[in-house]
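Student: Walk me through one part of this structure closely. Keep the sentences short, and start with any term I need.

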Amino acid sequence: MSGTTRHTEPIDVHLIAVREGETGPEVLLSRRAGTVYAAGCWHLPSGHLDGPYEDVAVALVRETREETGVRVDPDDVHAAVTVHHRAPGGSARVGFFFEVRRWNGTPKIMEPEVCDAMEWFPFDALPEPMVAYCRAGLDAYLAGARMAVHFQEPGDPIAYDPKADRLRLVRAAGSGEPLPGPAVEAFAERAVGRIAERIHAGPPPPVPGGPSVDTTSTTSTAQSWSDHYASGRDIKPLSDAETVIVRERLVPPVGREEPRALDVCCGTGELAGLLADLGYTVDGVDHAQGAIDRASAETGRPPVTYHCVDVTSGDLGPLAPADGFDLITIRRSLAHLGDRTRIVAELAGLLRPDGTLCVITPHADRFPQSLRGICLDDPEIAVLTDGWEHAERVEAEDCTVVLLRGPGARPATYQEKLRPKAAAMAGVAVVVTNPHGQVLLGWNPSRTCWELPAGKVEPGEAFEATAVRELGEETGLRAAEERVVLLGTLCDDSHGMTRVTEVARITEYSGEPQLLEPELIARWEWHTPSALRSLPQPLFTASAQALNTAWPGLLPDLPPASFTPRPVPADGGRLPFGEPPAAVRLRLRLAEDLTRAGWTRTPELRAAFQVVPRQAFLPEQSLGRAYANEAVATVITDDGRSSSSVSQPEMQAVMLDHGRLREGGHGLEIGGGGYNAALMTELVGATGTVTCVEYDPYVHRRTVRFLQETGYADRVRVVLGDGVHGAPEHLVPPGGFDTILVTVASMDIPPAWTAQLADGGRLVVPLRLGGYTRCVAFEKRGPLLTSTHVSTCGFVAMQGIGRWDDSPVPIGESGYGIRWEDTPPAPVDPLERALAGDPVELWTGVTVAGDESYETLQLWLTVTLPGFCRLTGDREEGPVLLPRNQDAAAMVSGGSLGCMTVRRIEHDDPTGRSLWEFGAQGFGPDAKDVADTVVRAVRAWDRDIRPATGPVLTVRPVTRHTEQLPARHVIDKQHSRIVLTFPGHRHDTEPLPRSGDI
């Protein structure tokens with residue numbers, strides 16, 4: 001340093017916000033404006049540190065919020081490149097460029113005085129003019145550099161000019177180093193000799209004259225390794241370098257009361273003991289019982305709990321704490337595991353959000369080719385780290401230690417291969433699953449993508465024969481042609497050529513996957529289907545389309561392809577169903593929870609929930625989500641609404657219970673998906689029938705496919721049609737259906753449902769009444785339907801003829817709207833003037849607790865308030881005190897509007913529950929009268945209806961005689977008149993008392 005003053009330079013931060021555009025990745029740029037430096041030039045959102053207290057990552061988050069309005073989680077900030085920049089005027093600075101791919105909000109101009117435009121641009125079409133410093137940072141980022149120098153010369157333009165490009169990339173440490181010399185190779189050879197003795201000379205040789213050992217079999221390998229450990233042999237002990245790394249980098253999290261660790265493939269427990277010594281509560285798992293026996297017998301080590309579990313097929317879920325492990329380790333074993341991508345993903349699912357997966361593996365560069373099978377090389381390690389937010393690599397003598405944190409959930413990606421040869425573009429893709437329901441995929445290293453076993457059709461060869469031949473040639477698996485089920489034909493475009501792919505499904509085979517074409521496929525692995533949605537590497541497009549044929553909806557946003565399904569064989573397709581142990585455990589737990597809550601009241605219903613695999617009807621969901629007691633949307637419309645879903649198990653149990661479907665009965669479901677139909681099939685048994693009518697072709701295809709996967713296809717008759725018409729006549733049993741379950745919300749009771757229901761049969765339907773949906777179980781008695789059960793529910797709306805529009809009618813420019821459903825609409829124009837005036841506000845003195853249902857009040861107001869409707873609008877603005885997250889029950893009388901409201905009262909009830917009081921607001925010339933009418937209705941409900949049971953609904957078909965019935969407590973529909981009888985109401989003909997009389 002020269003002089004007496006230390007040289008300093010300012011630090012700035014730059015945001016590289018990246019999104020996927022129509023043609024590829026795009027970056028967010030803003031245009032500088034006003035009197036600032038480089039006005040008129042495009043630039044990245046950027047800024048300076050606020051002071052010595054602020055680090056660069058925090059500064060980036062703050063500047064992003066101040067300039068673009070979006071919020072960025074600090075964990076989503078990733079270092080991209082550092083640029084040392086000198087401006088043409090001679091001043092220098094250091095810029096930290098950060099990549100961000102996730103944020104909350106939509107970017108917008110927040111500082112208009114210095115920015116007049118903000119847009120997304122493809123990286124290969126950056127705008128001009130652009131600040132040269134910014135362009136240098138982007139060019140360095142796109143080149144993959146970690147550091148760059150950009151020193152401009154006097155006279156250089158501020159804007160980027162390719163003729164004056166001063167960018168110089170700085171090489172990263174370790175890049176381009178020479179290969180190991182002879183001394184290193186000699187050391188590796190010595191290490192190999194030790195490992196050959198201790199680790200992997202392979203399974204013990206077969207006993208002369210005894211049975212041979214199949215080294216591809218998990219069972220035989222477990223036995224051979226168990227014998228290996230029982231004989232006193234072991235694997236290579238921890239090296240000093242490994243021990244130092246573990247002690248320094250895998251210390252328990254600060255502040256965690258009981259940090260938990262899982263050591264996978266623990267052997268005799270050396271690493272598990274070290275972790276316990278560091279302070280972890282440790283579980284060790286190994287598939288060799290001999291290793292577990294020796295580890296458990298070890299003395300002088302901190303305690304570890306050992307389990308004999310095969311990580312390739314066992315269920316580790318019960319070992320995990322509720323919030324996950326802090327640390328999972330797997331040492332010198334990952335290369336042995338054929339399905340390591342799936343296994344690593346499953347281990348990641350057992351981690352806490354901030355947990356660490358530590359993989360210690362021999363490195364291929366340090367061992368001879370003869371021991372290649374025990375090692376991972378650099379490309380394999382790179383694949384291992386794909387999808388993780390943080391990956392750190394440390395070398396430890398002959399091993400590489402990989403520390404992984406933050407497993408990503410990036411959407412699945414797909415990529416095409418190179419242009420195929422000019423041959424027949426007709427082939428077969430084989431979707432084969434093992435007994436755990438996992439699908440076989442091969443890793444193609446030359447094209448860096450996963451693909452199914454597949455190949456072209458030989459001249460004159462049947463598709464079934466092609467499937468069997470290609471499966472055998474590529475993987476060594478043997479299958480019979482008669483056990484192949486063809487699902488249909490895909491037709492799409494590949495590099496301008498038509499590609500025709502027949503999709504074959506196989507679940508029965510013999511053998512284990514082998515590498516028979518290593519020049520094409522580096523390894524075969526079994527994958528969990530739901531995990532393919534976030535597979536870090538791409539899927540070959542044709543394979544992805546075939547997977548979506550087997551499990552419609554599994555993969556989102558696929559390139560277009562036409563599909564022609566094959567009819568389901570008469571026997572259902574003969575597909576034995578496979579699933580992992582965790583699915584069975586979760587299914588039994590769900591059934592137990594439903595029983596404990598009182599929803600499955602019969603042994604038959606409990607048994608149905610214990611047997612039907614719900615995850616098979618939600619292949620795109622994780623097991624945990626599939627077996628949660630909640631509805632799961634399966635089709636989302638463009639406006640964000642759900643148009644199809646698999647209903648909440650609790651609600652399905654309620655409907656099936658009140659449907660009274662019994663052994664030998666005949667059931668009809670209006671609405672598809674497959675799961676509910678499978679439950680119905682279990683209830684009716686082998687002598688009963690189930691028919692399902694679905695309107696949406698896509699949902700119909702899912703229903704057929706999933707019933708075929710689970711073995712119910714030959715027991716459920718699935719029809720594509722409008723459920724308003726019921727079942728086709730030839731499928732209606734003599735005497736009618738014993739049970740009709742409607743699993744979509746319906747505005748009416750169509751005549752076909754009543755006509756096709758047997759006398760004494762049950763119709764269970766989510767019925768709209770005044771805009772409120774109620775699950776109503778009806779029993780047919782002659783021409784009438786009488787309710788036996790009424791409860792609140794929520795279902796997707798019916799499509800087709802029975803569809804309705806619940807869009808509100810806007811009240812001028814007031815911001816409010818009126819929803820009419822079962823009441824003749826009235827003019828709303830006068831209501832805008834009414835809402836502009838002062839409201840009349842009355843309170844009833846009627847209260848409910850915060851967790852108390854007032855569902856009968858909604859139905860009471862529906863049939864007692866003249867001009868009943870529902871008022872919607874913004875709760876935070878305007879004069880109406882709307883309830884939170886719902887419309888307000890209201891009435892329209894001439895030019896006046898009355899609506900029910902609610903307020904929190906100051907004191908709680910004796911048990912500490914919050915209390916809320918009902919009130920009414922009136923607007924318009926008759927504001928007092930309409931508010932008073934609402935108040936009287938609420939008080940009448942509190943006096944007569946609330947203490948009694950809910951209403952009884954009677955459905956009469958609309959005829960000339962129906963119109964002559966009294967109109968009190970009636971809802972008239974297009975096809976039916978619904979009469980509501982409230983048991984507690986004392987005087988049907990007595991008018992509601994005035995509020996002043998109470």
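Tutor: First, the term. Helices and strands here are DSSP runs: a helix is H or I over at least four residues, a strand is E over at least two, and both are numbered from the N terminus. Keep in mind that this is a predicted model.

Start with a loop. Asp-76 sits between α1 (56-68) and β5 (77-86), in the loop that joins them. Its relative accessibility is 11%, so Asp-76 counts as buried, the cut-off being under 20%. Setting aside neighbours within four places in sequence, Asp-76 is in contact with Glu-99, Val-100 and Arg-102. With Arg-102 there is a polar contact, side chain to side chain, at 2.8 Å. Now take a residue far along the chain: Val-744 is 668 residues from Asp-76 in sequence. In space, their C-alpha atoms are 40 Å apart.

Next, another aspartate. Asp-283 belongs to strand β11 (residues 281-286). The relative accessible area of Asp-283 is 7%, so this residue is buried. Its side chain makes a polar contact with the side chain of His-307, at 2.8 Å. Not counting residues up to four places away in sequence, Asp-283 touches Arg-260, Ala-261, Leu-262 and Asp-263. Also on that list are Val-304, Thr-305, His-307, Leu-319 and Phe-325.

Now the part to look at most closely: a helix pair. Two packed helices are described by the angle between their axes and the distance between the axes. Helix α5 (residues 240-249) packs against helix α6 (residues 270-278) at about 35°. The two axes are 10 Å apart. The crossing of α5 past α6 is right-handed. From α5, Thr-243, Val-246 and Arg-247 make the contact. From α6, the partners are Leu-271, Leu-274, Leu-275, Asp-277 and Leu-278. Sorted by class, this contact has five nonpolar, one polar and two charged residues.

Stay with α5 and look at its two sides. Glu-242, Ile-245 and Val-246 are buried. They span an arc of only 95° around the axis, so they lie on the same side of α5. Asp-240 and Glu-248, on the other side of α5, are exposed. What do the buried residues of α5 pack against? Their partners are α6, β13 (325-331), β14 (351-362), β15 (388-396) and β16 (399-407). Val-246 thus appears twice: Val-246 is buried in α5, and Val-246 also helps make the contact with α6.

How values were computed. Residues numbered from 1 in each chain as written. Predicted model: local features only at pLDDT ≥ 70, side-chain atom pairs only at ≥ 80, totals over all residues. Heavy atoms only, no water. Axes fitted to C-alpha atoms, helices over the stretch in contact; angles between N-to-C directions. Left-handed = near helix turned anticlockwise from the far one by under 90°. Contact = heavy atoms within 4.5 Å. Nonpolar A, V, L, I, M, F, W, Y, C, P; charged D, E, K, R; others polar. Buried < 20%, exposed > 50% of the residue type's maximum accessible area, 1.4 Å probe, protein only. Arc of directions from axis to C-beta. Polar contact = N/O pair within 3.5 Å; in protein donor to acceptor, adjacent residues only side chain to side chain.
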